[in-house]
Amino acid sequence: MAAGNNRKWGVFSLVAIAIFMTTLDSSIVNIALPEIMVDLNASFETIQWIVVIYLLTISSTLLAFGRLSDIKGRRWVYCSGFFWFGVGSLLCGSAGSAPMLIASRAFQAIGAAMVMACSPALVVDAFPHQERGKALGLVATIVATGLTTGPALGGLILQYSTWRMIFLLNIPIGGTALVAAWRILEGTASNGTADEPFDWLGAVWLTVTLFSLLTFLLHLNQWALSSPRMITLLLITGMGFLLFVLAERQTAYPIADIQILKNRFFVVSVICAIILFAGLFTIAFLMPFYLMRPAGMNARDAGYVMMIPFVFLFFVSPLSGWLSDRVGSRVLCFAGMGALATALFSFTTLYPTGQLFPVGWRLALAGTGVSLFLPAYNASAMNSVPVKKRGMASGTVAAARNFGMVCGVALSGLVFSRCFSVLSGGKNANVYDSGLRFVFVEAFHAAMLAGTLLVLAGWILTLFRGPAPVDR
């Protein structure tokens with residue numbers, strides 16, 4: 001019994017390190033972008049791809065790496081992910097130009113995707129059914145810790161060193177985690193049991209399809225739909241999807257398992273998660289602009305305010321995970337989605353007052369809603385699939401999070417920029433002065449209303465997932 005407890009908490013510690021490292025790296029880089037832009041003599045349009053390429057690459061490859069972990073084993077994929085992430089960090093820290101840094105970030109993101117794709121499955125494999133909600137609630141706490149620590153730690157590093165150290169610090173951490181993972185995961189259920197070939201052709205076309213689709217969504221508010229770039233992205237998405245379907249029909253071991261797609265509980269749960277993260281990032285994307293423009297805050301104070309939902313994620317998630325092990329996922333997912341919808345709607349009545357409380361309680365409600373939903377969703381979704389398919393399911397769960405983030409940014413950006421343009425008589429949302437304060441707030445309200453309607457649909461959808469799964 002003691003050995004089993006040591007093993008499961010050893011696995012959890014590995015997952016915690018990996019998740020903290022990868023989420024920290026996604027948030028810590030943002031604060032260094034101005035210094036990187038000056039040091040590498042790059043334009044703003046170029047430098048933003050340092051962030052975008054990381055998100056796109058992870059989102060596009062998670063499903064493939066989840067499937068690969070079912071075949072090669074989660075131990076092999078997980079350790080390979082630490083290695084790739086470390087090498088990518090070294091390349092980022094030594095990049096001499098912006099294009100090289102962007103390419104290195106894509107390389108680094110491949111390692112991050114390998115690690116992220118395995119993490120939920122490793123936790124579910126290691127913990128018994130009655131403890132999975134608690135464990136996944138603690139995982140959500142680690143995610144919140146990484147996201148909130150990033151900006152503060154990045155500022156501290158920049159104060160005493162260069163932006164390159166942000167990447168180079170990953171190398172000793174990743175190297176230590178790789179060695180520990182190889183030892184701790186030896187002899188576990190994470191070594192792979194499926195004697196099946198990996199569908200490389202399907203993986204390539206799936207990655208091309210998702211990458212082009214996500215790039216299209218991310219630029220909805222920047223490029224005209226009729227522009228050659230957007231048309232090209234749509235054509236690539238359509239062609240990639242067609243070739244992916246053809247490839248899947250010609251292989252006996254497709255990367256997209258039709259049995260999982262027939263699992264209504266799992267599929268509807270994933271759709272709900274996409275909607276949840278789209279709603280969360282509607283807030284996360286636009287709130288900093290609201291705080292620093294019509295509300296008049298400086299960047300430091302706005303950063304502190306934006307920590308509020310993640311602080312609640314930190315404290316409420318373990319409680320939600322503990323509850324999900326006892327009362328199931330249905331009530332918590334319904335309550336969490338309802339709380340987020342209420343928070344989004346409350347933002348449609350928010351006006352700049354110079355006081356923290358009107359903003360703070362709304363952000364706290366949003367964080368509480370996400371905290372109630374996530375552990376229960378993760379545990380129930382992973383429990384609903386067979387053990388030999390948990391890698392694929394794990395990759396899908398992680399991909400849902402990233403896809404939802406992209407959709408949230410795309411939706412809120414599109415609605416906000418269009419409303420701002422109409423209300424201001426054709427002005428670009430990049431232009432702001434005190435005379436446009438009313439226009440900005442009204443466009444902000446419109447984007448929050450759009451997010452509310454989307455999350456309300458997800459709130460209703462949580463009731464149609466079907467019966468709760470049993471341990472499989």
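# Report on a predicted model

Ile-31 has a relative accessible area of 38% and is partly exposed; buried means under 20%, exposed over 50% and partly exposed in between, with a 1.4 Å probe and protein chains only. The model is predicted, so local features need pLDDT of at least 70 and side-chain atom pairs count only at pLDDT 80 or more, while totals for chains, interfaces and linings use all residues. Residues are numbered from 1 along each chain as its sequence is written, and side-chain values use heavy atoms, with hydrogens and water left out.

Ile-31 sits in the loop between helix H1 (2–28) and H2. Helices here are DSSP runs of H or I with at least four residues, numbered from the N terminus. Ile-31 is 305 residues from Gly-336 in sequence, and the two C-alpha atoms are 30 Å apart in space.

The loop after H2, which leads to helix H3 (44–47), holds Asn-41. The phi of this residue is near 55°, a positive value in a residue other than glycine. Most residues other than glycine have a negative phi. Asn-41 is exposed, at 71% relative accessibility.

The whole structure has one salt bridge, a term for a side-chain nitrogen of Lys or Arg within 4 Å of a carboxyl oxygen of Asp or Glu. Its partners are Asp-39 and Arg-164, with 3.9 Å from N to O. Asp-39 belongs to helix H2 (residues 33–39) and Arg-164 to helix H8 (residues 164–168), so the bridge ties together parts that are 125 residues apart in sequence.

The table gives the relative accessible area of some residues that lie in helices.

| Residue | Helix | Relative accessible area |
|---|---|---|
| Asp-39 | H2 (residues 33–39) | 46%, partly exposed |
| Ser-59 | H4 (residues 49–72) | 4%, buried |
| Arg-105 | H6 (residues 98–126) | 1%, buried |
| Arg-164 | H8 (residues 164–168) | 22%, partly exposed |
| Val-311 | H15 (residues 308–327) | 33%, partly exposed |

Contacts, meaning heavy atoms within 4.5 Å, are listed here without neighbours up to four places away in sequence. Ser-59 is in contact with Leu-210, Leu-214, Ala-399, Asn-402 and Phe-403. For Arg-105, the contacts include Asp-25, Tyr-54, Cys-92 and Phe-167.

Helix H5 (residues 74–93) has 20 residues, 14 of them buried, so the helix is largely enclosed by the rest of the structure. Its expected span, 1.5 Å times one less than its number of residues, is 28 Å, and this agrees with the 28 Å between its end C-alpha atoms.

A nonpolar core is a set of buried Ala, Val, Leu, Ile, Met, Phe, Trp, Tyr and Cys residues joined through side-chain atoms within 4.5 Å. The largest such core has 111 residues, of which Tyr-78, Ile-283, Met-287, Phe-373 and Tyr-377 touch the most other members. Helix H13 (residues 264–292) contributes the most to this core, namely 14 residues. Met-287 touches Met-306, Phe-347, Val-359, Leu-363 and Phe-444, again leaving out residues up to four places away in sequence. A second, separate core has 22 residues, among them Ala-42, Ile-47, Ile-102 and Ile-157.

On the surface, Val-311, Phe-312, Phe-314 and Phe-315 make a nonpolar patch of about 360 Å². Such a patch joins nonpolar side chains (Val, Leu, Ile, Met, Phe, Trp, Tyr) within 5 Å, from residues with over 30% relative accessible area and no salt bridge; the areas come from the Shrake-Rupley method with a 1.4 Å probe.

Notes: Helix = DSSP H or I, 4+ residues; strand = E, 2+ residues; numbered from the N terminus. Patch = residues over 30% accessible without salt bridge, like charges linked within 9 Å, V, L, I, M, F, W, Y side chains within 5 Å.
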